[in-house]
Structures are given as C-alpha cells and as structure tokens.
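Biologist: Hello! I am new to this structure, so could you walk me through it?

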Amino acid sequence: MQNNLKKRILFAVLVVTGIIVIYAKIFVWSMEFFEYREITFPQGLQVVVESLTTSGYGGFSPWESDFMNFFVLIMNLTGVVFVFVAFPVFFLPFLKDAIEKSPPTKVSKKDHIIICSYSTHAEVLVKELTSRNQDYVIIEAAEKKAKELLLAGLKVLKGNPESEATLKAAGIKLAKAVVLNSTTDKNISIVFSIRNINKTVKTIAVLEDEEMETYHKLAGTDTTISPRQLIGKSLAAQVPAISINNSVEIDTGVELIEIDIQEGSELCNKSIEEANLLEKYHLNIIGAWQNGEFQSPVSTDLVLKAKIRLLVAGDRDELSRLNRKAEAKIRHFSQNKVLILGYGVSGKAAFSLLKTKSVAITVIDIREKEGVDIVGDIRKAETLRAAGIDDASALIITIQDDTMALFAALLARNMNSKVHIIVRANNMENVKKLYGAGADYVQSLATVSGRMLASNIFEDETSLAVEKQINLVQLPAGKLSGTTISKNNVRTEMGCTILAVIREGQKFSTIDPNTFSFEEEDYIIVAGTDESIRKFEKRFGN
C-alpha cells in the first residue's frame, strides 16, 4: 500500500506542477499580447498559484481583454477541480485506510479457539462460541478480508496461518483447540507448523473430501469432519417413499422425526385440533417448518397445509401411523425417479445411499466425468428435460453456486409442479430464497459443519442430529438445576423443547413440566433451531 501511495503522490505532484508551469507561460505571453504589459515568469507563477488556490491576484487585475478574463476563470475552475476531484481520488482512500482500525498482528489470549481461516463453515461456529462466551481468534491472510471481519465485530488476526510466527502471535501455546478450515495442502502445512510449537493442542480439520482423512491423520490432526458427505446422505434421506429411516432415537421408546404434510393426505388442510393429533397419537409436537421459518410452540389452530413439516417426538409406532396419514393417498409417479444435480462430494454421497434403494437415478453435472449421465447447464430447460424432469419424483441439487441452484429450482418447479425439490445451500442467508424458489427441503452446509465443529470442541455438548434442519443437542442442565420446565417457560421463551433428561446414566423421556425438578449433575436433550439453542445456552449454561 505504501508503494502505491508514493506512486500516486508522485503522479499528482507531476500533474499539478505541469499545469502550473503551462498556465504561467500562457499568462506571461497573454499579458504581453492582449494587455500590452510585460511581466516575468516568477510573476506569472505567482498569479497562477493565487488563481488555483483562489487567494487573490495582486496588482495584475482587472483585465481588459476577454481572453484574459476567460483564462483566469479557467484557472479558478482548475483549482476547484483539484480540491473536489483530485484530492478525493488520489488521497482520500489512503486517509480512510489510515483512519480505519487495522486488524492486529498479535493477540494475548488463553484457552481460546483458533480458526484458520474464516468461511461459511466457521460462521455458525463463531455464533456458537459467542453464545458460550468462548474466546476465539480468526487468522486471516488477506488484509481486505481481515478488515471486513474486524468491521463486522469478529475477533481477527492478520497473518499467514501456515507461519509459525503467526501461530505464536495467535497464542497457539495456550489455545484450547485449532480449527483447520482451508484446502487439504494448507491444512496439512498448518498442522506441521502447529506441532512444531504445541504437540498437545486439539486440532479439528474440515474436509472437502473424506478420502483426505488419512493424510490429515498422518500429519497429526486429532479430529476430522466431513460435512459434505454427511449432508449429501441427509439430502438423499429426504426423498419421499424410498423406505429410509430418517428418525433420531431419543430413548428406547421415543424418537424424533420430521414429517412432511403432502397434498391429498388425510391431514392436509386440517388444523392440529381437527386432526386430533395430540390425543389420537399421544405425540409431542415440538414445532413446524413453513417456508423455511420454524414456529415453536405450535398452536392447535395451525392448519396443516401441503409442504408444512412437523417436528414430532413420540413412540415409533405412533410416529409411523402419523407419517402414513401425512402421505398422499394417490401417487402421481409410476416409479421413483430421482435426479441429482451436481456430482461433487455431496452428490456422490447422495448417489451412494440412493443406489441401494428401489429408485432410478439420473446424474447431471456441468462437466463430463465418471458417473454423470447428462452433461449440461441445469439452468436450461433442455438439460432438465433430457434428464427426465417431467416424470421425476424428486430432485436433489448439490452444487457450489447458490444462485445457480436458485435458478434450477425455479425452472424445475415450473416444469414439474409435483416434483419434490431438495437443495443444499452453501450459505445460510440463501435458505429462505431457495424455499421461495420452490424447494421443499433446504439444508445449509454451513449449519451442518458449524454444528459438527461445536460438538467436537465442547466436551459437554453432543450434537445428535447435525444434518437436520433442527438442532438436537445433549447439554448439562446448568442453571436449570433446582427448577422445573414450566417455571422457566423454556418452550415459550426459548423456542426449544427439552425431550429427555439423563440422570446417572438413565434417560427419562416422560417429564412433567410442572413437577420434574432438575438436579445439578443432570444432562438434558434439547431440540430447536440453532438460534433457539444458542439462546438457551446463553441463559442456562454455566
């Protein structure tokens, strides 16, 4: 930046000097030619400088000729241009950089988390760390990115995470854990640098491909997570009617499941009260997803329209009965045909799960590679038509670009109003947009990876359903000790639900909210959105 500043200053000085000299020569010549007065060159310089700075013209004014008056006017306007145009263009950006706070190159921390470096994977993790009052620092090599993070209120250090000097400046000797969030080669390089300084600090690597796990382990990485593979399998599990058990076991007699209300089912267009769900099925309705928004608690007046997704806990047999009631009575597809758009890590994981089921699979990708059936742009109707969108029962979109996924979802919904569209969102802020484009189910890659990282960092937190829309975690009872659920209005105020309590190794899933009192050594299983879980942790965590 300093070299660039010097070049700009030198260029500005040369331009201004040239203009002053040229104007001075014109002024000396024009005074003799139009005003019949001889002046020296230094006198001409004086007039030009006075004109450009609008500070006066001494004894040379007024002028009788039009030319001189116009020329002086031009000099005045040139001065204004210098002040209002040249100065902001040449100097203001650097003044702004000088005034703005620069990211530090060294921090003094202890028992903190070091993140190398920031991405959408780390976004959820940072929120989780903040809710737990867990200190952290993000190492970012790019100065512009580091400044953006600093302005956003994040704790950032500018430096190269592969450098031992940078790791020392980030407090690696006293750190609690290090999150490796770069490419495989950089991650491994960082691990070697870490182990040269601190051989015991916990290292967690986010893998783009689980096949790279061996190399990370050989380099000394303690834990690896593969969110892309996990989310690919999770998306495949959302394909309707292919006999995939997608529930989470809470206790031997209690499971948690997300149930889609389908058009033409017995429950569709009935309220919860009209369907008699609570009394007939003896279930705990935790919440409902509608267009990407989670509502908890749920009113009995809620009308179960098509594509609403209920989050329900209860007995497996009861859940199975309810799920059948939520399914459409008449199916519009002679066979289950699934299209996978994007054959990267997630796409391959989805394919590996689906190929074991009774379903026809067609894979589309922009590049020709092994396993791809149709090569083409998924934003074009002819590509989807060639893949068989007209009679497809489900569509899984696992591509890197959320904007392209948005267009593909819009097009697919227009071409087949009945197809079940399942999408991987790379950024959390695009989830609602994808629902708006016609998606039936959207899962955020950033959310899954953030949950997986948090579960590995905090020894007292176990995430039981990282790949789902809701978060299901096991936490210590904390400040709930000595109180009841109803006294704290957990569901109403926090928006999450306590499903079970673990006391001395035994699970209790039948809890009276008014009489069951938590004890200090209890652990609880809580279900809710990431935001509601963070809110819960902030209030009741120790």
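Biologist: Which residues in H5 and H21 meet?

Modeller: This is a predicted model, where local features need pLDDT of at least 70, side-chain atom pairs count only at pLDDT 80 or more, and totals for chains, interfaces and linings use all residues. Residues are numbered from 1 along each chain as its sequence is written, and side-chain values use heavy atoms, leaving out hydrogens and water. Helices (H or I, at least four residues) and strands (E, at least two) are DSSP runs numbered from the N terminus. With contact meaning heavy atoms within 4.5 Å, Arg534, Glu537 and Lys538 in H21 are met by H5 residues Val124, Lys127, Glu128 and Ser131.

Biologist: At what angle do H5 and H21 pack?

Modeller: H5 covers residues 120-131 and H21 residues 530-540, and their axes are 9 Å apart. Axes are lines fitted to C-alpha atoms, for helices over the stretch in contact, and angles run from 0 to 180 degrees between N-to-C directions. The helices pack at an angle of about 20 degrees.

Biologist: Which strands stand at the edges of the open sheet?

Modeller: The sheet has 6 strands with parallel pairing, in the order E16-E15-E14-E17-E18-E19; two strands pair if DSSP finds at least two bridges between them. The edge strands each have a single partner strand, so one side of each is left without a neighbour in the sheet. They are E16 (374-375) and E19 (441-444).

Biologist: Which residue stands opposite isoleucine 340?

Modeller: Strand E14 (residues 337-341) runs parallel to E17 (residues 394-397), and 4 bridges join them. Opposite isoleucine 340, in E17, stands isoleucine 396.
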